[in-house]
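Trainee: I'd love to go through this model with you. Could we take it one question at a time?

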Amino acid sequence: MTTANPHLKFASQAVAKPYFVFALMLFVGQILFGLIMGLQYVVGDFLFPLIPFNVARMVHTNLLIVWLLFGFMGAAYYLIPEEADRELHSPKLAIILFWVFAIAGVLTILGYLAVPYATLARITGNELLPTMGREFLEQPTITKAGIVVVALGFLYNIGMTLLKGRKTTVSVVMMTGLIGLAVMFLFSFFNPENLARDKYYWWWVVHLWVEGVWELIMGSMLAFVLIKITGVDREVIEKWLYVIIAMALITGIIGTGHHYFWIGAPGVWLWLGSIFSALEPLPFFAMVLFAFNMVRRRRRQHPNRAAGLWALGTTVTAFFGAGVWGFLHTLAPVNYYTHGTQLTAAHGHLAFYGAYAMIVMTMISYAMPRLRGIGEAPQERAQRVEIAGFWLMTISMVLITLLLTAAGAAQIWLQRWPSDNEAMAFMATMDQLAPYFWARLVAGIGFALGLVCYLLSFVQRKNVVIATA
């Protein structure tokens, strides 16, 4: 099919580009506020009262969620038309939804920064349907409603494209994950007064997103890229994908129980949460075997080396971050001492980076040269800059994880392990952890430099094309 961009199979795939660009812009914001928080850990009054720690943390985590959602949506708009072998149902709707989501997201972040949170709740009508004040779900109720509208329009657009076109395992798995993402978000509107019930259902959003349906989205994106860059038969890759998503759903859904250990839920969750959480590393290990096996069996040498590196890197980093570091503190007898410590932060940082940030950057690395009219891959110099960014970000994140793990171990030793009359107070414990936090800040700066390299690789690609035109 002829398109305005000869490097795209379908012209409507171009709607993915603004989603990818905006996702990276939000990613920059997330890292900026991460650095602010890192400095506030050791210089407590830094930017106070302009940006208190609780506000910086709220912006940091919300930007993480929103930029990944933009990345997933961009990936779907690129992937689904190619898998369905037809144009996107409504490119115009995709662009309208982009602007609605982008404007709502920016206004929400500005609201966090401009007014006290209680004032934001009052002026957005939170008393009519109280949903605010919960970690990761701090968005005003009106913003949550807007997210639902965007999600419904997005699912309609993607669903109609899929229904009218070819159905593949990759597209069906992605669609299943996207539907699950939208359905689970509806529990953010359920806010019971009983704190134990609130936390019980709160995890239906947070856990069943990141350790359930998001893994389906991740698996489908990984499979799509591997099909394109290796030339391995689709049937082989799809069989692997079936196995991976089955393990991810079985372990992830029942593994929700590792969040029910200490909130007042029935004691059976101590066993269910421990057993099935111990199995959660398996789908991530299967992804490692899957990716390396497909690359070993490749039938073509794709010119985009950076995209291939991202694809392999995301499986390894996700296995260690979500799998190994999750297992370190998931068994109930261990979690009794570790929950809520810096060990949790270590797991969260490496898991989110490895499983989701890296898969979005994999998709962007593969698709952007085509979206920008360059071809299958940028020139070698730009790829070298991007690969340098990959290693800077990944090594820095590993260092952050190791430092937070050491801080968590020290925190447990000083604060959790001793008897009540011997345990060190929380703030006294934090003072003892200051060297780890200073080193973590340095590693965070290294990560930011890696992200700058990743972004500069796109600028260099553009310059190269102009120079040779």
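Mentor: Gladly! One definition to begin with: buried means under 20% relative accessible area, exposed over 50%, and partly exposed in between. Keep in mind that this is a predicted model.

Trainee: Is Phe 187 buried, exposed or partly exposed?

Mentor: Let's apply those cut-offs. The relative accessible area of Phe 187 is 23%. Because partly exposed covers the range between 20% and 50%, Phe 187 counts as partly exposed.

Trainee: Which aromatic pair links Phe 72 to a distant part of the chain?

Mentor: Phe 72 lies in helix 2, and its partner sits 284 residues away in helix 13 (residues 342-371). The rings are 6.4 Å apart centre to centre, with 80 degrees between the planes. Planes over 60 degrees apart count as edge-to-face, and that is the class of the pair Phe 72 and Tyr 356.

Trainee: How is the lining of the second largest pocket made up by class?

Mentor: The pocket holds about 290 Å³ of space. Its lining has 19 residues, with Ile 147, Ala 151, Leu 152, Leu 181 and Ala 182 nearest the centre. By class, the count is no charged, no polar and 19 nonpolar residues.

Trainee: And which helix gives the largest share of that lining?

Mentor: Three elements give two or more residues each: helix 2 (53-84), helix 5 (141-164) and helix 6 (169-185). The largest share is seven residues, and it comes from helix 5.

Note on methods: Residues are numbered from 1 along each chain as its sequence is written. This is a predicted model: local features need pLDDT of at least 70, side-chain atom pairs count only at pLDDT 80 or more; totals for chains, interfaces and linings use all residues. Side-chain values use heavy atoms; hydrogens and water are left out. On a 1 Å grid over the protein atoms alone, a cavity is a set of points where a 1.4 Å probe fits but cannot get out, and a pocket is an open set with protein on both sides within 12 Å along at least five of seven lines; lining residues have an atom within 4 Å of a point. Grid points are joined across faces, edges and corners, and a volume is the space filled by probe spheres set on the points. Helices (H or I, at least four residues) and strands (E, at least two) are DSSP runs, numbered from the N terminus. Ala, Val, Leu, Ile, Met, Phe, Trp, Tyr, Cys and Pro count as nonpolar, Asp, Glu, Lys and Arg as charged, and the others, Gly among them, as polar. Rings of Phe, Tyr and Trp (its six-membered ring) pair if their centres lie within 6.5 Å; planes under 30 degrees apart count as stacked, over 60 as edge-to-face and the rest as tilted. Buried means under 20% relative accessible area, exposed over 50%, partly exposed in between (1.4 Å probe, protein chains only).
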